[in-house]
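Biologist: I would like to go through this model with you, one point at a time. Please give your reasoning before each result.

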Amino acid sequence: MASHGLDYDGCNFFRQRLVLSTLSGKRVRIKNIRSKDDNPGLRDFEASFIRLLDKVTNGSRIEINQTGTVLFYQPGLLYGGSVEHECNTQRSIGYYLEALLMLAPFMKTSLKVTLKGVTNDHIDPTVDVLKSTALPLMKQFGIDGEGFDLKVVKRGMAPGGGGEVVFICPTRRTMRPVQLTDPGKIKRIRGVAYSVRVSPQMANRIVDTARGVLNKFIPDIYIYTDHMKGANSGKSPGFGLTLVAETMNGSFLSAEMSSTPQGQGDPMLPEDLGKNCAQMLLEEVYRGGCVDSSNQSLALLLMTLGQQDVSKVLLGPLSPHTIEFLRHIRDFFQIMFKIQVQKPSEDERKGGDKVLMTCVGVGYSNINKTLK
């Protein structure tokens, strides 16, 4: 095995490794995937993720041993084009979409992907939240253009799924370096309360309690209700809420909650869900920064792949997922970030400690995809 291949142990951060491997062209071998488990090896949703990677690339070589505990991946070219994928319902479409958001701008041809499965669950970021936070973030890096869109055609709640989402992303030759250092104050809050296969009244009850919490802080609040009927409502009942706070300088901070899937755990009242979600949004605002915690690694990746120029982003406290992602960026791209902790002064109402992340991009260019 050549020296530029990377070895990893275990099933954690599985997507990070495969995404970075695909972008850097470095092969990766992951061993001991749940090898001590009663049910060892890759899970169905991970196998589904590998199949999706295979669909958007050309010439990838993937080898998995008999028990599924060792995976060897040699990335091919990112091809793009028109793709359909049936996502495994153990995880929501957000699990697959997060990785696609990282890869899509670097494809050979524009990506148009139709994903089917669970659109909203309580584990992964929902499609709604990615639409309202990740897309505006990508626009800051110059990823924009005709048809850049993410739309929910059908909603599908866990465990049955049956949702459908279309994501279209144009390709970019280079990323624009960014300076996102001042989020500014919150100017408005928007949200979507959705309900499928339950009474439409559920969404209204969610909105009432969420507004009850947020109205104390800001007048400009608008929460849409989205009640999908018939064939567009998927296979399982459920409801939930996505809230997004927008700042003066165009940063978006989000929080979301979905009802407990049918037959799993205690059912949740829509009132509690509305209240808890509103409080989670306030906590996210307290953590602050120019990017919310669910999109930290997307921002850091786009900074890494930027032109050879300095990018700066102010983040709230780094999530464990982000910290691991920084280690992986160092492995695959040899890029280290300068990390400065900024403590807000006493009189400022700036929330928790912030971290200023600075790096010089690798000057990644989409055109010279030479194979190592």
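Biologist: What distance separates the centres of domain 1 and domain 3?

Modeller: This is a predicted model. The protein is divided into domain 1 (6-175), domain 2 (186-287) and domain 3 (291-360). Taken over C-alpha atoms, the centres of domain 1 and domain 3 are separated by 22 Å.

Biologist: Which three residues of domain 1 supply 28% of the area that domain 1 buries against domain 3?

Modeller: The contact takes 25 residues from domain 1 and 22 residues from domain 3. About 2100 Å² is buried between domain 1 and domain 3, and carbon and sulfur atoms give 72% of that area. On the side of domain 1, the three residues that supply 28%, more than any other three, are Q16, L20 and M102.

Biologist: Between which domains does the largest nonpolar core lie?

Modeller: The largest nonpolar core has 77 residues, and those with the most contacts inside it include F14, L18, F49 and F337. Helix α3 (residues 93-103) gives the largest share of this core, nine residues. Two domains give residues to the core, so it lies between them: domain 1 (6-175) and domain 3 (291-360).

Biologist: Which residues does L18 touch, not counting residues up to four places away in sequence?

Modeller: L18 is one of the residues with the most contacts inside the largest nonpolar core. Not counting residues up to four places away in sequence, L18 touches V28, I30, F49, I50, L53, L71 and Y73.

Biologist: How many residues does the other core have, the one that includes A203 and L273?

Modeller: This other core lies apart from the largest one. Among its residues are A203, I206, V213 and L273, and the core has 22 residues.

Biologist: Is A104 buried or exposed?

Modeller: A104 is found in the loop between α3 and β8 (109-117). Leaving out residues up to four places away in sequence, A104 touches L111, F167, C169, P170 and T171. Buried means under 20% relative accessible area. Because its relative accessibility is 0%, A104 counts as buried.

Biologist: What is the relative accessible area of H321, which UniProt lists for "active site"?

Modeller: The UniProt listing of H321 for "active site" comes from an unreviewed entry. H321 has its place in helix α8 (residues 320-333). Leaving aside neighbours within four places in sequence, H321 is in contact with F13, R15, Q16 and S297. H321 is partly exposed, and its relative accessible area is 32%.

Biologist: What is the relative accessibility of E246?

Modeller: E246 is found in strand β14 (residues 238-247). Its contacts, leaving aside neighbours within four places in sequence, are K185, I186, K187, R188, S251 and F252. E246 counts as buried, since its relative accessibility is 13%.

Biologist: How many disulfides does the structure hold?

Modeller: A disulfide is a covalent bond between the sulfur atoms of two cysteines. The sulfur of C11 is too far for a bond, because the closest cysteine sulfur, in C87, is 19 Å away. The sulfur of C290 is likewise too far for a bond, because the closest cysteine sulfur, in C359, is 15 Å away. The number of disulfides in the structure is zero.

Biologist: Is C290 buried or exposed?

Modeller: The sulfur of C290 is 15 Å from the closest cysteine sulfur, in C359. At a relative accessibility of 6%, C290 counts as buried.

Conventions: Residues are numbered from 1 along each chain as its sequence is written. This is a predicted model: local features need pLDDT of at least 70, side-chain atom pairs count only at pLDDT 80 or more; totals for chains, interfaces and linings use all residues. Side-chain values use heavy atoms; hydrogens and water are left out. A disulfide is a pair of cysteine sulfur atoms within 2.5 Å. Buried means under 20% relative accessible area, exposed over 50%, partly exposed in between (1.4 Å probe, protein chains only). A nonpolar core is a set of buried Ala, Val, Leu, Ile, Met, Phe, Trp, Tyr and Cys residues joined through side-chain atoms within 4.5 Å. Helices (H or I, at least four residues) and strands (E, at least two) are DSSP runs, numbered from the N terminus. Domain bounds come from an automatic or database domain assignment. Contact means heavy atoms within 4.5 Å. UniProt positions are given in the numbering used here, feature names are shortened, and annotations may be inferred rather than shown by experiment. Buried area is the accessible area (1.4 Å probe) that two parts lose on being put together, summed over both.
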